[in-house]
Amino acid sequence: LSLVLLLTLLAGLVDLGRAFFTFIALRDAAQEGASYASVAESDTLTTSNDVASYCSAIEARARATSSNPVDLSSGDINVETLINGNDCTSLSAANVCMGGAVTVRVSHQSFPLTMPFLGTILGSQTLPLSAVVVDTILTPACQ
């Protein structure tokens, strides 16, 4: 009986370690995207197409940070970019300027648990994981 209890605890710790490792990968991806957004060549933005490509580049930078064992290019991983609290793709070029806050949120909505009993205790066999990083845009000056 005690062996079953100890093995269950051990398996739960393995799942906890996997979840923590995945969270660290998500946090690193969000940090990379926010760092890129703060120093990217945003001074060349003139049209909404330029802003859309700027936002796409931030997402691509966040997704490119890791592929093994956490695949950030999969459909389960969402990358959301906000500038001054607004969706990046809905902004004009004048809104992307120095001093603005850029928020990059990377989330994994269905992180799978491998321990069957743990899902019974938690009520779900998956966990939502999310990491948010806020940074400041450094270039260019606002018009």
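The link between Cys-55 and Cys-88 is left-handed, with -80° about the S-S bond. This is a predicted model, and a search of the whole structure turns up one disulfide. Besides that link, there's an open sheet of four strands to get to know, plus a helix that lies across part of it.

**The disulfide**

- Cys-55 and Cys-88 are the two partners, and their sulfur atoms sit 1.8 Å apart.
- The pair ties together distant parts of the chain, 33 residues apart.
- On one end, Cys-55 belongs to helix 2, which covers residues 48-63.
- On the other end, Cys-88 sits in the loop between strand 2 and strand 3.
- Looking for the two cysteines on the outside won't get you far: both Cys-55 and Cys-88 are buried.

**The sheet**

- Read across the open sheet, the four strands come in the order 2-1-3-4, and the pairing is antiparallel.
- The edges belong to strand 2 (86-87) and strand 4 (126-136), each of which pairs on one side only.
- Strand 1, made of residues 77-83, runs antiparallel to strand 2, and two bridges join them.
- To find a spot where strand 2 has a facing partner, look for Asn-86, which stands opposite Ile-83.

**The helix across the sheet**

- Helix 1 takes in residues 2-39 and lies across strand 1, strand 3 (101-112) and strand 4.
- Against strand 4, helix 1 runs at about 25°.
- Strand 4, then, is worth a second look: it's an edge strand of the sheet, and helix 1 lies across it too.

Conventions. Residues are numbered from 1 along each chain as its sequence is written. This is a predicted model: local features need pLDDT of at least 70, side-chain atom pairs count only at pLDDT 80 or more; totals for chains, interfaces and linings use all residues. Side-chain values use heavy atoms; hydrogens and water are left out. Two strands pair if DSSP finds at least two bridges between them. Contact means heavy atoms within 4.5 Å. Axes are lines fitted to C-alpha atoms, for helices over the stretch in contact, and angles run from 0 to 180 degrees between N-to-C directions. A disulfide is a pair of cysteine sulfur atoms within 2.5 Å. Buried means under 20% relative accessible area, exposed over 50%, partly exposed in between (1.4 Å probe, protein chains only).
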